[in-house]
Amino acid sequence: MIDLDAALARMLAAVAPRADFDSRLQARLDALRQPQAAMDRETARRQAQNAYQFARAQQSRQLRTAILAAVTFGLAAVIVVLVIDADWRRVAAAMSSGVALLRATDLSMPFATLTTLAAVVLAARPDWWSTARAALLE
Amino acid sequence: MLTDAAIVATVREAGRDAALAQLLPLYRRRVHSLAWSIVRNPALADDVAQEVFIRVWRALPTYDERARFSTWLYAITRNTAISALRQQRADHATLSDNATLEEAEAFLAEHSPADADGVGEIATRRLWQAVGTLPGGQQQVITLFYLQDRSYDEVAEMLAMPLGTVKTLLHRARQRLASLLDRTDESGATP
């Protein structure tokens, strides 16, 4: 009958990495190092290029949004002035408040436009609001 | 013991070569033991351990302490060893697993101290054959347990198993080995 614990420990005592483990690993790493350095440089170059392209895309997206907003609000102002024959100074004041609101909040473009237009109309023609209010109260 | 934060700091400040130089002495034997417990072949275990440290060297800049370093390292080791084993089986489709076992058996018989504690070459072969008949999990746990200075915690972490499972597997493996060896003693069989 053998001592199982001692026998297993003794049997497996020989299991160890080879004596030249570190030097063989070092040689393999040396062989890898050059291509790896080139790969790291290439990765860094790609990351920088991606970041630049992302920034450019974001910039042009912001510019497009600003132009679209300016055109939309300009047209809306002209329409309001011409169609409902409002005082252009009142309309301009309401418009600038609307733009300020749009900049200060995170409303989506269509919703912000509608809200601003409603505000503009009410500011331009306060008599409409009084009529509607009176009609509701009656 | 090198902490995970210290590993990240060393990689950042001194580079991955310096970090690997600190990690090698700590983990060389553990990685090799874990690889051996899976592939059960001295040459292949050595190759796997080398491959593991190369993968670690490559991935060290991306290591970010989200997982414990040892857990990460042992997962790489298990995956690399299993891939190597699959590759070896595919390459030697005509050879049976016995070829690997015989190689390991010969290695152990050759390197184990003869006749100490009554365990000579023949006894070592018999013991190794008995270990070879254990179910996979028991085989791996009992091998690693004796390779890792009989530390239950270390074996549980290496195999990503609960401590209780390790203890159960080890208990069953010991019982089965004892009964297998008793049986061969009674029949007087030698390999």
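Start by colouring chain B by pLDDT, the predictor's confidence in each residue on a scale from 0 to 100: chain B averages 81, and 79% of its residues score at least 70. Among the elements of chain B, select helix H3 (residues 42-59), which has the highest mean pLDDT at 92, and then helix H5 (residues 98-111), which has the lowest at 63; helices here are DSSP runs of H or I of at least four residues, and strands are runs of E of at least two, numbered from the N terminus. Where pLDDT is low, the predicted coordinates should not be read in detail.

This is a predicted model, in which local features need pLDDT of at least 70 and side-chain atom pairs count only at pLDDT 80 or more, while totals for chains, interfaces and linings use all residues. Residues are numbered from 1 along each chain as its sequence is written, and chains are lettered from A and ligands numbered from 1 in the order in which they are written. For the complex, the predictor gives an ipTM of 0.74 and a pTM of 0.60.

Next, select chain A, whose secondary structure comes to five helices and zero strands. Of its 138 residues, 14% count as buried, a term that requires 20 or more other C-beta atoms within 10 Å of the residue's own, whereas exposed means 12 or fewer and partly exposed lies in between, with C-beta atoms placed from the backbone.

Now show both chains and select the contact between them, which takes 23 residues from chain A and 33 residues from chain B; residues are in contact if their C-beta atoms, placed from the backbone, lie within 7 Å. On the side of chain A that touches chain B, helix H1 (4-12) and helix H2 (21-83) of chain A each supply at least two residues, and the largest share, eight residues, comes from H1(A).

Move on to the largest nonpolar core, a set of buried Ala, Val, Leu, Ile, Met, Phe, Trp, Tyr and Cys residues joined through C-beta atoms within 7 Å. Of its 47 residues, those that touch the most other members are Ala35(B), Val39(B), Val48(B), Val141(B), Ile142(B) and Leu144(B). H2(B) gives the most to this core, with 10 residues. Centre on Val39(B): leaving aside neighbours within four places in sequence, its contacts are Leu44(B), Ala45(B), Val48(B), Ala81(B), Ala84(B) and Leu85(B).

Finally, select Ser179(B) in helix H9 (residues 163-187) of chain B, which is exposed because 10 other C-beta atoms lie within 10 Å.

Notes. Two residues are in contact if their C-beta atoms, placed from the backbone, lie within 7 Å.
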